[in-house]
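Student: I would like to learn how to read a strand within its sheet. Where do we begin?

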Amino acid sequence: MGYYVKVAPEVNIYVEDVNRKSSKTILFVHGWPANHKLFEYQFNVLPAMGYRCIGIDLRGFGKSDKPWEGYSYNRLADDIRQIVKALRLQSFTLAGHSVGGAIVIRYMERHNGFGVSKLALFGAAAPSFIKRPGFPFGLEAKDVNLLLGQIYNDRPKMLSDFTNMFFHQALTKPFSDWFFQLGLEAAGHSTAGLLNSLRDETLFTDIKRIQVPTLILHGQHDQICLPPLASILHQGIINSKLIWFEHSGHGLFWEEQKKFTQELANFIG
């Protein structure tokens, strides 16, 4: 079932809500530059296992409204808070992939983890997406700036190249085309705006505030959110569990579908 939630004046967020009668709820927050469809396999399988799966399209992406502004981690975390309020969610699992992982971490800090009983991070872009003084991990800022330039000059080419980086395993042409189209559903200015936040924002203090049980899933061949980030998150988050995906890149929920879904289900219980 799909519907919209108003999170701010003139900003409506698209919500895909499957198996609403279940009390075991997972709220999924997608990564850049896709939308809730990224979790299609999980939405096919987890409801049959008794879970309610809620996917949102972040503002600027998928079917959601695409305002010119509002792509900071704070604003996006506030959007999630409005959705949690509108849906009256309680004791749910909050799950985020890539920049979605960064945003849900900010939600935990900014909104004191309101309503969240467990947290799940998949290839999370945290605590910093890029290398910084004293933090020799992540991508180079110059490489992110190159992506930004490509967004403004040839976004389809950027998305095609990014698709090839996203996965470790070989893709079929139809799947690659489908994934490419997810990125095209976003606005160009939204794609750039969120990438700016990825480059500029950090979560070093945020991760220290997380108190709920946390599952960290990460592909060993991830070329986007590099594997050392997962180890740092595991060290920094109390009561966290890290599981590596030996045959995956950044798209571990597709590349090792059954393992991913089972690990998430085992964690939630």
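Tutor: With terms. Buried means under 20% relative accessible area, exposed over 50%, and partly exposed in between (1.4 Å probe, protein chains only). Helices (H or I, at least four residues) and strands (E, at least two) are DSSP runs, numbered from the N terminus. The model is predicted: local features need pLDDT of at least 70, side-chain atom pairs count only at pLDDT 80 or more, and totals for chains, interfaces and linings use all residues. Residues are numbered from 1 along each chain as its sequence is written, and side-chain values use heavy atoms, with hydrogens and water left out.

Student: How many residues of strand S7 (residues 214-219) are buried?

Tutor: In S7, 6 of its 6 residues are buried. Thr214, Ile216 and His218 point one way, while Leu215, Leu217 and Gly219 point the other way.

Student: Which strands pair with S7?

Tutor: Two strands pair if DSSP finds at least two bridges between them. Strand S6 (residues 116-122) pairs with S7 in the parallel sense over 4 bridges, and strand S8 (residues 240-245) does so over 6 bridges. Threonine 214 is the bridge partner of leucine 119 and stands opposite serine 240 in S8.

Student: What is the order of the strands in the sheet?

Tutor: The open sheet of 8 strands runs S1-S2-S4-S3-S5-S6-S7-S8, with mixed pairing.

Student: Why is one side of S1 and of S8 left without a neighbour in the sheet?

Tutor: Strand S1 (2-8) and S8 stand at the edges and each has a single partner strand, so one side of each lacks a neighbour in the sheet.
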